[in-house]
Amino acid sequence: MLVLVGPSASGKSAIVKCLESKYGIKKFITCTTRDKRVKEVNGVDYYFMTKEEFNERYNNNEFIETVYYNGNYYGTLKKEAGVN
């Protein structure tokens, strides 16, 4: 697993696209409770969900990792990463 971390607009998405096209590396689609931005697609860029849905999945131990940032939750589902 490769994790890219950086502030908004730092080029993470551009690096991911390059890794996907050049090396066939699969990007995990992560979850967020933030509002969808223009041109973002649910199930492609993120899984957009309510805070209630996120918390329910958290309480069901469905995430590998989560973080609370800038008033929103973010996390990676175990099933997205192929983890039981």
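The following is a working chat about a predicted model of a protein chain.

Colleague: Let us start with the aromatic residues. How many aromatic pairs does the structure hold?

Modeller: The structure holds five aromatic pairs. One of them joins Phe-54 and Tyr-73, whose rings are stacked, with 5.2 Å from centre to centre and 20 degrees between the planes.

Colleague: Why give both a distance and an angle?

Modeller: A pair of aromatic rings is described by the distance of the centres together with the angle of the planes.

Colleague: And where do Phe-54 and Tyr-73 sit in the chain?

Modeller: Phe-54 belongs to helix H2, which covers residues 51–59, and Tyr-73 belongs to strand S4, which covers residues 72–77. The two are 19 residues apart, and the pair links distant parts of the chain.

Colleague: Is Phe-54 buried or exposed?

Modeller: Phe-54 counts as buried because its relative accessibility is 1%. Its partner Tyr-73 has a relative accessibility of 25% and therefore counts as partly exposed.

Colleague: Which residues form the aromatic cluster?

Modeller: Phe-54, Phe-63, Tyr-68 and Tyr-73 form one aromatic cluster.

Colleague: Tyr-73 is in S4. Where is Asn-72 placed?

Modeller: Asn-72 is also a residue of strand S4. With 17% relative accessibility, Asn-72 counts as buried, since the limit for that class is under 20%.

Colleague: Which side chain does Asn-72 meet in a polar contact?

Modeller: The side chain of Asn-72 is joined to that of Thr-33 by a polar contact of 3.4 Å. Leaving aside residues up to four places away in sequence, Asn-72 touches Thr-33, Arg-34, Lys-51 and Val-67.

Colleague: Now charges. How many salt bridges does the structure hold?

Modeller: There are four salt bridges in the structure. In general, side chains of opposite charge can pair when their charged atoms come close.

Colleague: Which residue forms a salt bridge with Glu-40?

Modeller: Glu-40 forms a salt bridge with Arg-34, and the closest N and O atoms are 2.7 Å apart. Glu-40 counts as buried because its relative accessibility is 15%. Arg-34 is buried as well, with a relative accessible area of 8%.

Colleague: What about Arg-57, and which residue forms a salt bridge with it in helix H2?

Modeller: Arg-57 forms a salt bridge with Glu-53, with 3.4 Å between the closest N and O atoms. These two residues are separated by about one helical turn because they are four residues apart in helix H2. Arg-57 also meets Glu-62 in a salt bridge, at 3.3 Å from N to O.

Colleague: Which residues are linked in the network, then?

Modeller: Glu-53, Arg-57 and Glu-62 are linked in a network of salt bridges. Glu-53 is partly exposed, with a relative accessible area of 31%, and Glu-62 counts as partly exposed at 27% relative accessibility.

Colleague: Changing topic: which residues form the nonpolar patch on the surface?

Modeller: The patch consists of Met-1, Val-3, Val-5, Ile-64 and Val-83, which together have about 540 Å² of accessible area. Ile-64 is found in strand S3, residues 63–69. Ile-64 counts as partly exposed because its relative accessibility is 37%.

Colleague: Met-1 caught my eye. Where does Phe-28 lie, and what does it touch?

Modeller: Phe-28 lies in the loop between helix H1 (12–23) and strand S1 (31–32). Apart from residues up to four places away in sequence, Phe-28 touches Met-1, Thr-76, Glu-80 and Ala-81. Phe-28 is partly exposed, with a relative accessible area of 27%. The C-alpha atoms of Phe-28 and Asp-45 are separated by 9.4 Å, and these residues are 17 residues apart along the chain.

Colleague: And strand S1 itself: is Thr-32 buried or exposed?

Modeller: Thr-32, which is in strand S1, counts as buried because its relative accessibility is 0%. Not counting residues up to four places away in sequence, Thr-32 touches Tyr-46, Tyr-47, Phe-48, Met-49, Tyr-73 and Tyr-74.

Colleague: Last one: where does Gly-82 lie?

Modeller: Gly-82 lies in the segment after S4. At 63% relative accessibility, Gly-82 counts as exposed. Gly-82 and Lys-27 are 55 residues apart in sequence, and their C-alpha atoms are 12 Å apart in space.

Key. Residues numbered from 1 in each chain as written. Predicted model: local features only at pLDDT ≥ 70, side-chain atom pairs only at ≥ 80, totals over all residues. Heavy atoms only, no water. Patch = residues over 30% accessible without salt bridge, like charges linked within 9 Å, V, L, I, M, F, W, Y side chains within 5 Å. Areas by Shrake-Rupley, 256 points an atom, 1.4 Å probe, with all protein chains shown as cover. Salt bridge = Lys/Arg side-chain N within 4 Å of Asp/Glu carboxyl O. Buried < 20%, exposed > 50% of the residue type's maximum accessible area, 1.4 Å probe, protein only. Phe/Tyr/Trp six-rings, centres within 6.5 Å; stacked < 30°, edge-to-face > 60°. Polar contact = N/O pair within 3.5 Å; in protein donor to acceptor, adjacent residues only side chain to side chain. Contact = heavy atoms within 4.5 Å.
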